[in-house]
Structures are given as C-alpha cells and as structure tokens.
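Please load the model in a viewer and keep the selection tool at hand. The tour below proceeds stop by stop, stating what to select and what is found there.

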Amino acid sequence: MEKNGKMAFLDVEIGVRMDGSVSHTVYRKTTHTDRYLHANSHHHPRHLNAVVASLTNRAYDLCDEDHLQSELAHVEKVLQRNGYKVGNTATRDHKLLRQYRVERQPAFMPYLKGVTDKIARVLGKYAVKTIFTPFKKIGQMLRSPKDSFPLEKPGVYKIDCSCGKSYIGQTKRTVSCRINEHIKANSRTVANRERESSAERSQRLTAQNSRTVANRERESNAERSQRLAAQNSMEEWKYNQALNVPID
C-alpha cells in the first residue's frame, strides 16, 4: 500500500522523486529489531562473516546512489550493536575466481572451535567440502507452548466397530479429517439400509395385501357357489314336493 509517496515490494522500498524518477532502497518493517547472529556466539567464522557480507551486498544491490551511503552507515551501526568490528566504510564482498575442483560428497560436522575446524582444513586438502551444522537451539530443546492435538496430524489410525472388528488405515492428511469421512460414509450406508428396509417392508405389505385380496376373492367365489348350490337344492326340493301332491 502506498504511503507518503512510497511503496514496499518484498524488501525494496520504492519512492517517487520530485522530478518523477523512481528511487529505491532497503525496506524494513516497523517491527524489525536489527538482531542478527551475534559475533560472540559459538558459530563457525564462515557463518559470522556471512552476516556482514549479506547485509553489505544487499545495500549495494537494492539502494540507488542517493540512499547507498545512508544504508551502509545503518549497516555499520547494526553490526557494531551485534558485536562485529567493522571499518569506517563497508566494501562489497566480491567473489574470487576459484580453480576447478573435483566435486565430492561434502562432510557435515557440528562446529567445535579448535577441533572440527582443523578437521575441515585436512579434508580441504583432498577436495572434500565441510559443512558445519549448529547445535540444537533453545527452541528445539524446549517444548512448544502451543497445544498439540494428536488427531490433527497424519499417521496410522484404528477404528473399532460395534461388531467386534476393527479397521486400521493410514492417511497423509489429518486423522480427524479421515475419521470424519468414515463417519459420513457410515451414515450414508445406514441411510441406504433404512431406505432398503423401508422398500422391502412396502413390498412385503403389498404382497400381503395382494394375497389377502386374492383370498377374499376365493372366499367370495366359494360363498357364491354354496349359495347357488343351496338355491338349486331348494328348487329341486320344491319340485319334488310338487310331484308328490295326490290328485283328487
């Protein structure tokens, strides 16, 4: 966002001069503390020198002529506050031309002053590059103050079923997300079974009703046959009675 004719883009602050030209310098947030790796800390000199080189090279790369000297003065003050001994003027760290060397597998060692640095010099004679790794930081030794939820991580999980069996699975997503998917799938399965049972119940009731109607029709046919048989018997009895009447 533009403010006072200036705008920050990554770590570059871009401004507009009175003549319309563009200026650029190093951008720092208001919360920046200018705290870097202290010169008295137990690190390899190569790492300490990298702090000076990186700040100096950034000033040359990002600042124009109008802002370069002020940025170099700021870098000098910052380095002094962090325990570095610098001269009055900072110079750009130009890389020297190196001779061709055979690439070998580098050696990783923790930095111990007076021990591993001597080993590195010996390995350098045989074209083996040494990479010094720092020890564990205090933040790595202490427990994180944030609450950790075991189900909010990927891993192997187990779900027990009411039938006595268990399902074991592995996921690269969070375990809670995968368990929720199992719950949704189980709910859909139960709903489908309920719909199927409802359909089967409806079919069974329809079949029972059909059989009931058929039984009723058969019963009505039997009653009609009995009624017709009774009527025929009655008519035959009346006819026989009429024949047996004596004639005067």
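Helices, in the numbering used here, are DSSP runs of H or I with at least four residues, counted from the N terminus. The model is a predicted one. Under that numbering, A120 is found in helix α3, which covers residues 116–124.

**First stop: A120**

Select A120 and display its surroundings. Is this residue buried or exposed? A120 has a relative accessible area of 14%, and because buried means under 20%, A120 is classed as buried. With neighbours within four places in sequence set aside, the contacts of A120 are M109, T130 and F132. Next, draw a distance between the C-alpha atoms of A120 and F108: the two are 9.8 Å apart in space and 12 residues apart in sequence.

**Second stop: the whole chain**

Zoom out and colour by secondary structure. The protein chain contains 5 helices and 7 strands. Read from the N terminus, the order is β-β-β-α-α-β-α-β-α-β-β-α. A surface representation covers an accessible area of about 21,100 Å², with 54% of this belonging to carbon and sulfur atoms. Of the 248 residues in the protein chain, 17% are buried. Among contacts between residues at least 6 apart in sequence, 40% join residues at least 24 apart.

**Third stop: strands β1, β2 and β3**

Select residues 6–9 and residues 12–16, which are strands β1 and β2. These two strands pair in the antiparallel sense over 4 bridges. A8 can be used as a marker here, since A8 stands opposite E13 in β2. The strands β1 and β2 form a hairpin with 2 residues between them. In the turn, L10 has a positive phi of about 60°.

Now add residues 22–26, strand β3. The pairing of β2 with β3 is antiparallel as well, and it extends over 5 bridges. I14 faces its partner across this pairing, standing opposite H24 in β3. Between β2 and β3 the hairpin has 5 residues, and G20 takes a positive phi near 95°. While inspecting the side chains of these strands, one may recall a general rule. In a regular strand, side chains alternate between the two faces of the sheet.

**Fourth stop: a salt-bridge network**

The structure holds 8 salt bridges. Side chains of opposite charge can pair when their charged atoms come close. Which residues are joined into one network by salt bridges that share partners? To find out, begin with R28 and E71, whose side chains meet in a salt bridge at 2.5 Å, N to O. This pair links distant parts of the chain, with R28 in the loop between β3 and α1 (45–62) and E71 in helix α2 (residues 65–81), 43 residues apart. E71 counts as buried at 5% relative accessibility, whereas R28, at 24%, counts as partly exposed.

Add D34 to the selection. The side chains of D34 and R28 also meet in a salt bridge, at 3.9 Å from N to O. D34 has a relative accessibility of 11% and counts as buried.

Finally, add R81. R81 forms a salt bridge with D34, and the closest N and O atoms are 3.7 Å apart. Here too the pair links distant parts of the chain: R81 lies in helix α2 and D34 in the loop between β3 and α1, 47 residues apart. R81 counts as exposed, at 55% relative accessibility. The network is thus made up of R28, D34, E71 and R81, joined by salt bridges that share partners.

**Last stop: the second largest pocket**

Rolling a probe the size of a water molecule over the atoms shows where empty space is left. To view the second largest pocket, select its lining: I159, D160, C161, K165, S166, Y167, I179, H182, I183 and N186. The elements that give two or more residues to this lining are β6 (155–160), β7 (166–171) and α5 (175–243). Which element gives the most to the lining? That element is α5, with 4 residues. The volume of the second largest pocket is about 270 Å³.

Note on methods: Residues are numbered from 1 along each chain as its sequence is written. This is a predicted model: local features need pLDDT of at least 70, side-chain atom pairs count only at pLDDT 80 or more; totals for chains, interfaces and linings use all residues. Side-chain values use heavy atoms; hydrogens and water are left out. Buried means under 20% relative accessible area, exposed over 50%, partly exposed in between (1.4 Å probe, protein chains only). Contact means heavy atoms within 4.5 Å. Accessible areas come from the Shrake-Rupley method with a 1.4 Å probe; for residues, only the protein chains shown count as cover. Two strands pair if DSSP finds at least two bridges between them. A salt bridge is a side-chain nitrogen of Lys or Arg within 4 Å of a carboxyl oxygen of Asp or Glu. On a 1 Å grid over the protein atoms alone, a cavity is a set of points where a 1.4 Å probe fits but cannot get out, and a pocket is an open set with protein on both sides within 12 Å along at least five of seven lines; lining residues have an atom within 4 Å of a point. Grid points are joined across faces, edges and corners, and a volume is the space filled by probe spheres set on the points.
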